[in-house]
Amino acid sequence: MEEKIKLKSQELSLFYGTFQALYNINMEIEAQRVTALIGPSGCGKSTFLRTINRLNELIDGTTTRGEVYLDGQPIYDRDVDVVALRKKVGMVFQKPSVFPMSIYDNVAYGPRIHGLKSRSELDEIVENSLKAANLWEEVKDRLGSPAVRMSGGQQQRLVIARVLAVEPEVILMDEPASALDPISTARLEELITALKNNYTIVIVTHNMQQAARISDFTGFFLNGHLVEFSPTEELFVNPHDKRTEDYITGRFG
Amino acid sequence: MPTARTYEKILTALFWFIALVIAGILVAIVGYIVWRGLGVVDLGFILEAPRRAGKEGGIFTAIIGTLYLTAVALIIAVPLGVGAAVYLEEYSRKASRFNTLVNLTMETLAGIPSIVFGLFGFVLFVIFLNLGWSILSGGLTLALMVLPTITRTAQEALRSVPVEYRENSLALGAGQWQTIRRVVLPPAWPGIVTGVILSVGRAVGETAAVLLTAGSSLNMPGSLSDPARSMSVHLYILAMEGLSLEKAFGTALLVVVLILIINFLANLSLRRLTGSIRQDG
């Protein structure tokens with residue numbers, strides 16, 4: 001079976017003012033796979049992640065060159081609807097940030113802003129999303145209580161449920177486990193592995209073991225360059241680039 | 001030689017004493033006003049119109065005048081101030097010249113003495129725009145006066161909303177305005193309300209600017225183009241023209257009670273704001 005390319009970046013460069021954060025990134029990301037992006041802090045992996053849903057545009061003075069294609073469609077075209085793009089490309093941030101509203105309202109937030117009003121349909125989406133995020137059993141009896149009272153691990157799964165409720169095709173994750181304890185991290189990793197059956201997942205992580213455990217492909221970033229991009233096993237067992245080898249063996253970073 | 005602990009104890013006692021002095025001053029002023037004013041204030045004082053220039057009767061028309069002026073000021077200043085804050089914090093580029101200019105203007109406006117606003121309002125609204133001494137002129141002048149307060153507090157309230165809320169909402173495909181309305185304004189609201197309530201306090205207490213722009217008519221105002229007298233103006237005239245010091249203290253008591261009620265409300269909404277922040281932590 002031929003693998004389907006979900007995302008493709010082509011000669012992608014990004015500048016914050018005069019500082020160049022990304023240099024001519026070329027990458028092809030396969031559908032329904034987990035792709036991990038690793039590299040030392042400030043190497044551009046999170047910045048690259050945020051080019052995929054055009055979130056870098058929120059920062060003043062950012063310019064992007066090159067192109068990213070989603071299902072072959074350029075996303076930096078002038079007539080692209082950013083709202084529609086972000087509906088297809090969901091994002092889970094480093095710090096779980098639940099909105100100061102009930103658990104239910106958090107999950108229903110996306111569908112509601114996209115115009116869904118029917119209570120029964122919302123109920124169904126909320127239940128399915130929470131189930132898919134492995135959170136339903138823990139919260140089904142207190143959907144109306146404030147989401148801020150949940151534990152960090154629960155909050156991160158709630159954020160994932162909130163993303164799933166919008167029915168995205170791609171889920172971007174920016175170090176989603178960095179604020180979690182080991183047990184919550186393990187649960188999150190299980191969840192990511194389960195989600196890849198239906199979604200294309202791109203995850204930035206500082207934790208190389210994590211990348212090795214959950215990803216199918218891994219990209220190594222250094223100083224804004226994509227140094228190496230290979231199937232995960234190959235990258236960790238048999239890296240082609242000296243810098244990749246130095247990094248994964250802990251010689252720097 | 002004093003040890004660190006005795007040193008701490010002395011300092012603690014000193015600060016406690018300072019706090020006591022400040023609280024004492026407040027209690028003394030309020031107590032004196034209550035003592036002098038309480039004999040005057042009864043239902044008739046609140047509900048009757050002044051007679052013989054205020055020597056007799058109550059202050060009902062001044063209470064109504066105050067409420068009208070404050071209401072006009074808020075109806076104009078709140079949407080403008082909150083709107084400006086939303087634009088400055090949520091829409092404009094933070095480093096843009098326009099943003100810097102507006103922020104600088106707001107800071108300058110906030111530092112201008114109220115009598116200058118009064119003079120400006122007198123020349124612009126009363127004379128140039130020919131609105132005369134009226135509730136409208138007075139309300140517009142008060143609006144200009146409290147606009148910086150409302151804008152600044154609203155900006156602070158918006159700034160205290162975590163940037164992650166905005167990012168998460170936008171990443172879910174929400175538009176800018178949807179994001180502002182659904183996840184930014186709700187937690188900012190108590191802070192905005194605090195600024196509004198503090199502005200009410202300033203508007204109620206303002207004398208000079210109101211005297212210059214709304215006049216000092218003792219008649220019951222029937223429309224926005226009628227002149228009116230606020231409670232503070234009434235107090236000033238009663239005291240300055242030697243009409244009745246007794247009635248002046250009665251008026252002062254009601255002004256203080258009104259301001260205390262307003263401060264209480266401001267504190268309440270402030271607590272709600274900090275409460276919701278603590279919940280997030």
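In this predicted model, helix H3(B) passes helix H8(B) in a right-handed crossing. Two packed helices are described by the angle between their axes and the distance between the axes. For helix H3 (residues 60-91) and helix H8 (residues 176-205) of chain B, the angle is about 140° and the axes are 10 Å apart. Angles over 145 degrees would count as roughly antiparallel and those from 65 to 115 as roughly perpendicular, and H3(B) and H8(B) are therefore oblique to each other.

Which residues make the contact between the two helices? On the side of H3(B) they include B:Thr66, B:Leu69, B:Ala73, B:Val78 and B:Glu90, while on the side of H8(B) one finds, among others, B:Ile180, B:Val184, B:Ser199 and B:Val204. Sorted by class, the contact of H3(B) with H8(B) has 14 nonpolar, 3 polar and 1 charged residues.

These two helices belong to a chain whose secondary structure comes to 11 helices and 2 strands. Read from the N terminus on, chain B starts with two helices, continues with two strands, and then has helices for the rest of its elements. Along its principal axes, the C-alpha trace of chain B spans about 70 × 65 × 30 Å, and buried residues make up 42% of its 281 residues. Among the contacts in chain B between residues at least 6 apart in sequence, 74% join residues that are at least 24 apart.

One residue of chain B may be looked at singly, namely B:Gly24, which is found in helix H1 (residues 4-37). Is B:Gly24 buried or exposed? A residue counts as exposed if 12 or fewer other C-beta atoms lie within 10 Å of its own, and B:Gly24, with 11 such atoms within 10 Å, is therefore exposed. From B:Gly24 to B:Gly37 there are 13 residues in sequence and 19 Å in space, taken from C-alpha to C-alpha.

Chain A has 10 helices and 10 strands, and its C-alpha atoms fill a box of roughly 55 × 45 × 40 Å along the principal axes. A compact globule of 253 residues would have a radius of gyration near 18 Å, and the value of 18 Å for chain A agrees with this. Of the 253 residues in chain A, 45% are buried, and among its contacts with a separation of 6 or more, 68% come from residues 24 or more positions apart.

Two asparagines of chain A have a positive phi although neither is a glycine: for A:Asn24 the angle is about 40°, and for A:Asn134 it is about 55°. A:Asn24 lies in strand S2 (residues 19-30) of chain A, whereas A:Asn134 has its place in the loop between helix H4 (119-132) and helix H5 (136-139). A:Asn24 is partly exposed, with 14 other C-beta atoms within 10 Å, and A:Asn134, with 18 C-beta neighbours inside 10 Å, also counts as partly exposed.

It remains to see how the two chains meet. In the model, 22 residues of chain A are in contact with 20 residues of chain B. Helix H2 (82-88), strand S6 (89-92) and helix H3 (103-113) of chain A are the elements that give two or more residues to the side of chain A that touches chain B. The residues on this side of chain A divide into 12 nonpolar, 5 polar and 5 charged.

Terms used. Residues numbered from 1 in each chain as written. Chains lettered and ligands numbered in written order. Predicted model: local features only at pLDDT ≥ 70, side-chain atom pairs only at ≥ 80, totals over all residues. Contact = placed C-beta atoms within 7 Å. Helix = DSSP H or I, 4+ residues; strand = E, 2+ residues; numbered from the N terminus. Nonpolar A, V, L, I, M, F, W, Y, C, P; charged D, E, K, R; others polar. Rg over C-alpha atoms; globule rule 2.2 N^0.38 Å. Buried ≥ 20, exposed ≤ 12 C-beta atoms within 10 Å, placed from the backbone. Axes fitted to C-alpha atoms, helices over the stretch in contact; angles between N-to-C directions. Parallel < 35°, antiparallel > 145°, perpendicular 65-115°, else oblique. Left-handed = near helix turned anticlockwise from the far one by under 90°.
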